[in-house]
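Let's take a walk through this chain together, going from one helix and its surroundings out to the sheet. Keep the model open as you read and click along.

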Amino acid sequence: MPLGSIQFGSGLMSGIDFRAIIDATLKAERIPIQSIQNRINTFEKAKGSFENLSNLLKDFSGTLENLNSSASVAGKTTSLSDEDATFSASASSSAEAGAYEIEVSDIALAHRVRSDGVSDRYSPLVDDGTITIQAGGNEQISIDVSSANGNNSLQAIADTINGEDKGVVASVINDGTNDVLVLRSEDTGSSHALTISDTTNLNLDDAGNELQAAQSAALTIDGIAITSESNTVTGAIRGVTLNLTDETTAPVNLTVSADTDTTKQTIQEFVDAYNKINTYFD
């Protein structure tokens, strides 16, 4: 007995909503993906929140360090009676409040000498001989200048001196006619004066070739004479550093006092940082 045939309906006309079935199926498949994306968004928000908290705590930690700094809460400030004074002053927290009268009669200078001129710094125009130089208590520099050594040019001698690194600085300067070797003590003060012996034709040890004598700084503080090898004077007034730039023409009054403005600012910064953390948690 032959089997009967089976007839399918024609597409959507069969009464079955295939589009709805497909959409529902795809939506069901997307549920795990959406769940994972929601978790990612949550973690990103948490990460951003913790980063904000970390920055706030970092700022707060900085204000705590400032509160623990003597310079921030127990600092000292300085003022001068002459705004155009030829020196400046700074004070550390160890300085004592007080007033001082200061006069500067000399500033510290570095010893400088020059050579006789030659027509070209690179040419072998320096006579054979020996140059010895010593800056204060530094080691002596000794140069055997000779054509055989190939170091009988002005530039070669300057390079040798600088290469020794023993407290002497050499440079070659053109005076408009000739090249001149200039030697300078690396440090100021009379104790760093140059001692030179020269048997070449440069005549570095000629008294007439001294450009500037070594000199120590000289000043008085409340009538007490002070000398310093440097223009940065420390120790004369406890916790105070003086930076000299020139001689004074009249006494200048220095006042050292408590730096209340910095203290107030430091405390206010601490309060602001604390309040920001409180606001964050609220």
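**Starting at a covered helix**

The cover over the buried residues of α3 includes β5, β6, β7 and β8. Keep in mind that you are looking at a predicted model. Which residues of α3 are buried? They are L154, Q155, A156, I157, A158 and I161. Just past the end of this helix, have a look at D165, where phi turns positive at about 55 degrees.

Now pick out I157 and see who its neighbours are. Leaving aside residues up to four places away in sequence, I157 touches V126, I131, I143, V145, N151, L181 and L202. I157 is also one of the residues that touch the most other members of the largest nonpolar core, along with I161, L181, L183 and L202. That core has 22 residues. The elements that each put two or more residues into it are β5 (129–135), β6 (141–145), α3 (154–164), β7 (168–174), β8 (179–185) and β9 (194–198). The biggest giver is α3, with four residues. There is also a second core, separate from this one, made of 20 residues, with A89, V233, I237 and L244 among them.

Time to zoom out for a moment. Along its 282 residues, the chain has 29% buried, and its secondary structure comes to four helices and 15 strands. Of the contacts in the chain with a separation of 6 or more, 69% are between residues 24 or more positions apart. As for the outside, the accessible surface is about 17,300 Å², and carbon and sulfur atoms hold 50% of that.

Next, find the open sheet of five strands. Reading across, the order is β1-β15-β3-β11-β12, with antiparallel pairing. At the edges sit β1 (76–80) and β12 (224–228), each of which pairs on one side only. From one strand to the next, the twist averages 30 degrees. As a reminder of what holds such an arrangement together, strands of a sheet pair through backbone hydrogen bonds, either parallel or antiparallel.

Let's follow β3 through that sheet. Strand β3 (residues 98–106) runs antiparallel to β15 (residues 252–258), and five bridges join the two. You can check the register yourself: I102 has V252 of β15 as its bridge partner, and G98 stands opposite V256, also in β15. Then there is β11 (residues 217–221), which pairs with β3 in the antiparallel sense over four bridges. Here D106 is the residue to click on, since A218 of β11 stands opposite D106.

Carry on past β3 and you come to H111, in the loop that leads to β4 (112–114). Is H111 buried or exposed? Its relative accessible area is 8%, so H111 counts as buried, the cut-off being under 20%. What does the side chain of H111 pair up with? It makes a polar contact of 2.7 Å with the side chain of E210. E210 is also among the residues that H111 touches, and the others are L183, R184, S185, A193, L194, Q212, A213 and A214, again not counting residues up to four places away in sequence. One name there may ring a bell: L183 is also one of the residues that touch the most other members of the largest nonpolar core.

Methods:
Residues are numbered from 1 along each chain as its sequence is written. This is a predicted model: local features need pLDDT of at least 70, side-chain atom pairs count only at pLDDT 80 or more; totals for chains, interfaces and linings use all residues. Side-chain values use heavy atoms; hydrogens and water are left out. Buried means under 20% relative accessible area, exposed over 50%, partly exposed in between (1.4 Å probe, protein chains only). Contact means heavy atoms within 4.5 Å. Accessible areas come from the Shrake-Rupley method with a 1.4 Å probe; for residues, only the protein chains shown count as cover. Two strands pair if DSSP finds at least two bridges between them. Axes are lines fitted to C-alpha atoms, for helices over the stretch in contact, and angles run from 0 to 180 degrees between N-to-C directions. A nonpolar core is a set of buried Ala, Val, Leu, Ile, Met, Phe, Trp, Tyr and Cys residues joined through side-chain atoms within 4.5 Å. A polar contact is a pair of N or O atoms within 3.5 Å; within protein, one must be able to donate a hydrogen and the other to accept it, and residues adjacent in sequence count only if both atoms are side-chain atoms.
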